[in-house]
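This report reads through a single structure, beginning with its aromatic residues and moving on to its helices and core.

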Amino acid sequence: AAYDEALAVLDQLQRAAPAEDSTSIAEYRVYCLLALDRRDEARQNIDGILHTNPLYQPSADQASPRVQRIFREVRRQSLPKIVVERYTAAKAAFERKEPRAAQQFDEVLALLDDRDLDQASMLSDLRAVASAFRDLAKAVASSATPPAGTQSAQRPAPPPDPPRTLLAPAAPPP
């Protein structure tokens, strides 16, 4: 098997490939690296795949049980860090008042439910915080967008004229 040559071809493909193909190319890189017993490089590549798509797992049809086990080990090590990174990005988006912040918090919550994440980890409190921020982001987004059709149909009322006071004649001094 010519795994080194395959890696060279995959490197060339990676440079020119569209984003949707990059995961497949990275996956085949991992297979070649594991076949060459270059485990550290393979683990780094798996970590890169997971940073792009933390929910990624190789299919049972394409990966041997050994490869699936290695992916799972790397996922267990990488997911806590990825969750914190995603939470930090979501919180920054919330602070910038980006409408996508609620979706980012939903993604963090989905990652917290992943079975490969140690549920007894330091991230147990993060679920409550992320959930609260998600709810806040949804509330902010819903209050920021007016109901459909109300913006053009209703014009703001002009400000009332300042009150006019009639000057009463000065009272004679006592």
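## Aromatic pairs

How many aromatic pairs does the structure hold? There are 6 aromatic pairs in this predicted model, a pair being two rings of Phe, Tyr or Trp (its six-membered ring) whose centres lie within 6.5 Å. Tyr87, Phe94, Phe105 and Phe133 come together as one aromatic cluster.

## Basis of the values

The model is predicted, with local features needing pLDDT of at least 70 and side-chain atom pairs pLDDT 80 or more, whereas totals for chains, interfaces and linings use all residues. Residues are numbered from 1 along each chain as its sequence is written, and side-chain values use heavy atoms, leaving out hydrogens and water.

## Helix 4

Helix 4, a DSSP run (H or I, at least four residues, numbered from the N terminus), covers residues 65–95 and, with 31 residues, reaches 43 Å from its first C-alpha to its last, close to the expected 45 Å, where the expected span is 1.5 Å times one less than the number of residues. After helix 4 comes lysine 97, whose phi is positive, near 60°.

## The nonpolar core

The largest nonpolar core (buried Ala, Val, Leu, Ile, Met, Phe, Trp, Tyr and Cys joined through side-chain atoms within 4.5 Å) has 39 residues, of which Val30, Ile46, Phe71, Val83, Tyr87, Phe105 and Leu112 touch the most other members. Helix 4 gives the largest share of this core, 11 residues.

In helix 5, the buried residues (under 20% relative accessible area, 1.4 Å probe, protein chains only) include Phe105, Val108 and Leu112.

How values were computed: Helices (H or I, at least four residues) and strands (E, at least two) are DSSP runs, numbered from the N terminus. Buried means under 20% relative accessible area, exposed over 50%, partly exposed in between (1.4 Å probe, protein chains only). Rings of Phe, Tyr and Trp (its six-membered ring) pair if their centres lie within 6.5 Å; planes under 30 degrees apart count as stacked, over 60 as edge-to-face and the rest as tilted.
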